[in-house]
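I opened my notebook and set out to read this model piece by piece. My plan was to start with the overall layout and then move to single residues.

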Amino acid sequence: MSRADEILVARCQEGDKKAFELLVKKYERRIFHLIYRMTQDPSAVEPLAQEVFLKAYRALPSFRGQSQFYTWIYRIAINTCLSHTKRGHAEEACEVEADVNTLAPSGEVSGVHLEDPEQHLMRKEFYARVLEAVRKLPEELRVSIILREFLGLNYEEIAEVTQIPLGTVRSRIFRGRARLRELLGPFLDRSPA
């Protein structure tokens with residue numbers, strides 16, 4: 001665990017609410033992104049993030065630091081999202097356009113916009129298709145792909161977050177990528193080079 005997280009967690013465990021606020025500020029953006037990728041429902045992000053942080057706050061007294069704090073809170077977020085979905089609160093994928101730009105580079109370099117309108121529309125359509133394909137993956141593949149491809153965790157971190165063996169992580173990512181290629185193949189075949 002990072003030294004800063006270790007200190008903040010210890011202070012939280014001693015009852016310092018300000019320390020927990022600092023942990024929330026440090027990780028809220030990542031948790032928001034994870035929740036959005038898992039649910040693809042912008043209206044679910046804030047309430048689920050609040051639920052995640054509340055669960056983390058309540059569970060902090062039992063946190064022993066055997067894993068990184070961020071992998072521990074990611075696990076809470078994943079479980080919260082999966083419970084949300086199983087409770088039937090997750091609707092079919094919402095219109096992706098509202099947040100699709102957070103998935104791709106902005107197209108700006110030093111404040112100069114490089115994309116023409118056609119490129120912008122093609123990029124938005126591509127990322128909408130990617131999100132739709134990710135949504136169609138089986139749960140165990142979807143979680144691993146989101147953690148790897150959208151959040152940038154390495155295989156060891158994914159194994160820690162998901163609490164599955166490293167070999168299984170590798171297999172799920174391989175199978176997830178293969179399935180995404182199948183799902184996106186027709187779209188990629190008709191796209192301009």
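**Entry 1: the layout**

How many helices and strands does the secondary structure of the protein chain come to? I looked it up and found eight helices and two strands. I noted that the model is predicted. Next I read the order of the elements from the N terminus, which is α-α-α-α-β-β-α-α-α-α. The two strands therefore follow four helices and come before four others.

I also checked burial for the chain. It has 193 residues, and 40% of them count as buried. Then I looked at contacts between residues at least 6 apart in sequence. Of these, 62% join residues at least 24 apart.

**Entry 2: the nonpolar core**

Which residues have the most contacts inside the largest nonpolar core? I found I31, F69, Y74 and L147. This core has 52 residues. I then listed the elements that give two or more residues to it: α1 (3-13), α2 (17-39), α3 (42-59), α4 (69-86), α5 (117-136), α6 (139-150), α7 (155-162) and α8 (166-190). I copied down a general point beside this. In soluble globular proteins, nonpolar side chains tend to be buried together.

**Entry 3: aromatic rings**

I counted aromatic pairs next, and the structure holds seven. I picked F63 and F69 to look at. Why is this pair edge-to-face? The ring centres of F63 and F69 are 6.1 Å apart and the planes stand at 90 degrees, and over 60 degrees counts as edge-to-face. F63 has 6% relative accessibility, so F63 counts as buried. F69 is buried too, with a relative accessible area of 1%.

I took F126 and Y127 as another pair. Their ring centres lie 5.1 Å apart with planes at 80 degrees, so this pair is also edge-to-face. F126 comes out as partly exposed, at 29% relative accessibility. Y127 is listed among the buried residues of α5.

I also asked which residues join Y27 in one aromatic cluster. They are F63, F69 and W72.

**Entry 4: salt bridges**

The count of salt bridges comes to 10. I looked up three of them, beginning with R3 and E6. Their closest N and O atoms are 3.1 Å apart. Both residues lie in helix α1, three residues apart, which is about one turn of the helix. R3 counts as exposed at 55% relative accessibility. E6 counts as partly exposed at 36%.

K26 and D5 were my next stop. Here the closest N and O atoms are 2.7 Å apart. What does this pair tie together? K26 lies in helix α2 and D5 in helix α1, so the pair ties together parts that are 21 residues apart in sequence. Are the two partners buried or exposed? K26 counts as partly exposed at 37% relative accessibility, whereas D5 counts as buried at 1%.

I ended with E125 and R129. Their closest N and O atoms are 3.2 Å apart. Both sit in helix α5, four residues apart, about one turn of the helix. E125 is partly exposed, with a relative accessible area of 33%. R129 is partly exposed as well, at 34% relative accessibility.

**Entry 5: helix α5**

I stayed with α5 and checked its length. It has 20 residues and reaches 29 Å from its first C-alpha to its last. That is close to the 28 Å expected at 1.5 Å a residue. Which residues of α5 are buried? I wrote down R123, K124, Y127, V130, L131, A133 and V134.

**Entry 6: T80**

I turned to T80, which lies in helix α4. T80 is buried, with a relative accessible area of 1%. What does T80 touch, not counting residues up to four places away in sequence? I found L48, E51, V52 and K55.

**Entry 7: cysteines**

How many disulfides does the structure hold? The number is zero. A disulfide is a covalent bond between the sulfur atoms of two cysteines. I still looked up two cysteines. C12 counts as buried at 10% relative accessibility. C81 is buried, with a relative accessible area of 1%.

How values were computed:
Residues are numbered from 1 along each chain as its sequence is written. This is a predicted model: local features need pLDDT of at least 70, side-chain atom pairs count only at pLDDT 80 or more; totals for chains, interfaces and linings use all residues. Side-chain values use heavy atoms; hydrogens and water are left out. Rings of Phe, Tyr and Trp (its six-membered ring) pair if their centres lie within 6.5 Å; planes under 30 degrees apart count as stacked, over 60 as edge-to-face and the rest as tilted. Buried means under 20% relative accessible area, exposed over 50%, partly exposed in between (1.4 Å probe, protein chains only). A nonpolar core is a set of buried Ala, Val, Leu, Ile, Met, Phe, Trp, Tyr and Cys residues joined through side-chain atoms within 4.5 Å. A salt bridge is a side-chain nitrogen of Lys or Arg within 4 Å of a carboxyl oxygen of Asp or Glu. Contact means heavy atoms within 4.5 Å. The expected span of a helix is 1.5 Å times one less than its number of residues. A disulfide is a pair of cysteine sulfur atoms within 2.5 Å.
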